[in-house]
Amino acid sequence: MALEIERKFLVTGDGWRAAAREVVPMAQGYINDQKAMDEGAMKASVRVRIAGEEAFLNLKSRELGHTRQEFDYAIPVSDARALLALCVGGLVDKRRHYVQHEGHLWEVDEFLGDNAGLVVAEIELASADETFTRPEWIGAEVTDSSRYYNLALATRPYGQWTADERAGLVA
């Protein structure tokens, strides 16, 4: 079983841009929606992603928090395009920037389209208690806030959030 241990943070400012070593455009969608997950009808999200010239089918368990089961399979880009047409909700378009900081790789997602204006950073860890140094451009942690999960952003994009939601005043 594959486990993903990941923490997610809001990004403040552009200090990360100079350190970005690679940028990959991504388009992704979900075969299931947030409602199916919330109601317990499905226990895993099913994602289709095109990342640059590669494509993947991904299944991720629905636990809230930093540790989830994750399965990722390479698929032909043509299959991914066909599957994206079958997805529910909207597509999530973003640019992923890879940034090294003090021995860890940070993935900074700069969202486009209906999620424009949202920038989050994720760090994958080897264990839940692994220590790491937060770069100066890291803001509030949102690991436990499902609204920042890509599945939720496909269902209800950042562009539809209220000012209080964007400010983190609403759970």
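**Entry 1: G65**

I started with G65, which sits in the loop between strand 4 and strand 5 (67-75). For my own memory: helices (H or I, at least four residues) and strands (E, at least two) are DSSP runs, numbered from the N terminus. Before going on, I noted that this is a predicted model, where local features need pLDDT of at least 70, side-chain atom pairs count only at pLDDT 80 or more, and totals for chains, interfaces and linings use all residues. Residues are numbered from 1 along each chain as its sequence is written, and side-chain values use heavy atoms, with hydrogens and water left out.

Is G65 buried or exposed? I found G65 buried, because its relative accessible area is 6% (buried is under 20%, exposed is over 50%, and partly exposed is in between, with a 1.4 Å probe and protein chains only). Skipping residues up to four places away in sequence, G65 touches T143, D144 and Y149; contact here is heavy atoms within 4.5 Å. I also checked V142: 77 residues separate G65 and V142 along the chain, yet their C-alpha atoms are 9.2 Å apart.

**Entry 2: T143, from the other side**

Since T143 came up as a contact of G65, I looked there next. T143 is in the loop between strand 9 (138-141) and helix 3 (150-155). T143 counts as buried because its relative accessibility is 5%. Its contacts, leaving out residues up to four places away in sequence, are E6, R7, K8, L64, G65, H66 and Y149.

**Entry 3: the end of strand 6 and the loop after**

H101 belongs to strand 6 (residues 88-101). With a relative accessible area of 17%, H101 is buried. Beyond four places in sequence, H101 touches W106, T133, R134 and P135. I also looked up F132, which is 31 residues from H101 in sequence and 9.2 Å away in space, C-alpha to C-alpha.

Then I moved to E102, in the loop between strand 6 and strand 7. E102 is exposed, because its relative accessible area is 57%. One thing I underlined: E102 is not a glycine, although its phi is positive, about 45°.

**Entry 4: the nonpolar cores**

W106 turned up again here. Which residues have the most contacts inside the largest nonpolar core? They are V11, W16, W106, V108, A121 and W137, in a core of 14 residues. A nonpolar core means a set of buried Ala, Val, Leu, Ile, Met, Phe, Trp, Tyr and Cys residues joined through side-chain atoms within 4.5 Å. Strand 1 (3-11), strand 7 (104-111) and strand 8 (119-124) each give at least two residues to this core. I picked V108 and listed its contacts beyond four places in sequence: V11, W16, R95, R96, H97, V99, V119, V120, A121 and W137. There is also a second, separate core of 13 residues, with Y30, Y148, L151 and Y158 among them.

**Entry 5: E165**

Y148 led me on to E165, in helix 4 (residues 163-166). E165 is a charged residue by the classes I use: Asp, Glu, Lys and Arg are charged, Ala, Val, Leu, Ile, Met, Phe, Trp, Tyr, Cys and Pro are nonpolar, and the others, Gly among them, are polar. E165 is buried, because its relative accessible area is 12%. Away from its sequence neighbours (up to four places), E165 touches R147, Y148, R156, Q160 and V170.

**Entry 6: the largest pocket**

I found a volume of about 630 Å³ for the largest pocket. On a 1 Å grid over the protein atoms alone, a pocket is an open set of points where a 1.4 Å probe fits, with protein on both sides within 12 Å along at least five of seven lines, and lining residues have an atom within 4 Å of a point. Grid points are joined across faces, edges and corners, and the volume is the space filled by probe spheres set on the points.

The lining has 35 residues, and R47, R49, K60, E70 and N150 lie nearest the pocket's centre. By class, I wrote down ten nonpolar, six polar and 19 charged residues. Strand 4 (residues 54-61) gives the most to this lining, with five residues.
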